[in-house]
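Subject: Structure for your review

Dear colleague,

Please find below the structure that I am handing over to you. I would be grateful if you kept it open while reading the notes that follow it.

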Amino acid sequence: MPYTTDTEIEIELEEELTTTYIISSQHRATGNPNKTVWTINFDDEVECFTQTKSSKWIESNYGWGLKVIDSVLQYIGHNFENETLKIAKFVDGSANDIWHGYPADYLRRSQDRPPTFVLKNWVEQGYLTKAKMNKIRRGQSCNL
């Protein structure tokens with residue numbers, strides 16, 4: 001399905017359970033230069049969000065996601081200094097189940113760090129080591 005920015009996308013998570021996602025133009029190459037920017041395509045962004053919701057990597061109105069291929073974390077975007085980012089953050093800003101997301105910069109923004117239960121789940125899934133989990137929790141650099 002061809003997606004466009006700034007329009008609501010209804011996503012069926014499972015039978016009779018849907019959610020809404022918006023691909024925000026603010027987090028695309030033509031968006032705001034002070035925001036982190038996705039480098040993955042729209043389909044991969046929506047897939048990352050869908051995995052986040054299905055895996056319940058959510059706390060309150062925030063979710064965190066990854067793009068994994070063959071057990072390897074993939075780059076999903078970059079920050080304003082063009083540093084690559086591999087963790088996504090999703091926000092339901094109005095608590096109305098309408099979400100948008102962006103590449104999370106856990107080194108520069110403490111609010112972009114996933115909660116411990118999400119990180120522990122990623123360790124259980126084999127996406128992270130315990131050492132990397134602890135570095136992310138402390139906002140320290142690690143080679144994801």
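How many salt bridges does the structure hold? In this predicted model, the structure holds 7 salt bridges.

**Salt bridges**

I begin with the pair formed by Glu83 and Arg108, whose closest N and O atoms are 2.4 Å apart. This pair links distant parts of the chain, with the two positions 25 residues apart in sequence numbering. Glu83 sits in the loop between β8 (77-78) and β9 (84-85), while Arg108 sits in the loop between β11 (98-104) and α2 (116-125). Glu83 has a relative accessibility of 31% and therefore counts as partly exposed. Arg108, at 37% relative accessibility, also counts as partly exposed.

A salt bridge also joins the side chains of Lys89 and Asp112, at 3.8 Å from N to O. Lys89 belongs to strand β10 (residues 87-91) and Asp112 to the loop between β11 and α2, so this pair ties together parts that are 23 residues apart in sequence.

Are Lys89 and Asp112 buried or exposed? Buried means a relative accessible area under 20%. Lys89 has a value of 4% and is therefore buried. Asp112 has a value of 0%, so Asp112 is buried as well.

Asp112 has a salt bridge with Arg109 too, where the side chains meet at 3.2 Å from N to O. Arg109 is partly exposed, because its relative accessible area is 34%. Elsewhere, salt bridges that share partners join Glu81, Glu83 and Arg108 into one network.

**Pockets**

The largest pocket has a volume of about 250 Å³. Its lining consists of 15 residues, and those nearest the centre of the pocket are Thr84, Leu85, Tyr106, Cys142 and Leu144. By class, the lining of the largest pocket divides into 8 nonpolar, 4 polar and 3 charged residues.

The second largest pocket has a volume of about 160 Å³. Which residues line the second largest pocket? Among them are His27, Asn34, Lys35, Thr36, Asn79, Phe80, His100 and Tyr102. The lining also includes Pro103, Asp105, Arg108 and Arg109. Two of these names will be familiar from the salt bridges: Arg108 pairs with Glu83, and Arg109 pairs with Asp112. The lining of the second largest pocket has 3 nonpolar, 5 polar and 4 charged residues.

**A small sheet**

Three strands form an open sheet in the order β3-β8-β9, with antiparallel pairing. Which strands are at the edges of this sheet? The edge strands are β3 (37-38) and β9, each of which pairs on one side only. Between β3 and β8, which run antiparallel, there are 2 bridges. Here Trp38 stands opposite Gly77 in β8.

**Lys135 and its surroundings**

Finally, I would draw your attention to Lys135, which lies in helix α3 (residues 130-138). The relative accessible area of Lys135 is 34%, so this residue is partly exposed. Leaving aside residues up to four places away in sequence, Lys135 touches Gln140, Ser141 and Cys142. Of these contacts, Cys142 has already appeared among the residues that lie nearest the centre of the largest pocket. Lys135 and Leu107 are 28 residues apart in sequence, and their C-alpha atoms are 9.7 Å apart in space.

Yours sincerely

Technical notes
Residues numbered from 1 in each chain as written. Predicted model: local features only at pLDDT ≥ 70, side-chain atom pairs only at ≥ 80, totals over all residues. Heavy atoms only, no water. 1 Å grid on protein atoms, 1.4 Å probe; cavity = no way out; pocket = protein on both sides within 12 Å on 5 of 7 lines; lining within 4 Å. Points joined across faces, edges and corners; volume = space filled by probe spheres on them. Nonpolar A, V, L, I, M, F, W, Y, C, P; charged D, E, K, R; others polar. Helix = DSSP H or I, 4+ residues; strand = E, 2+ residues; numbered from the N terminus. Buried < 20%, exposed > 50% of the residue type's maximum accessible area, 1.4 Å probe, protein only. Contact = heavy atoms within 4.5 Å. Salt bridge = Lys/Arg side-chain N within 4 Å of Asp/Glu carboxyl O. Pairing = 2+ DSSP bridges.
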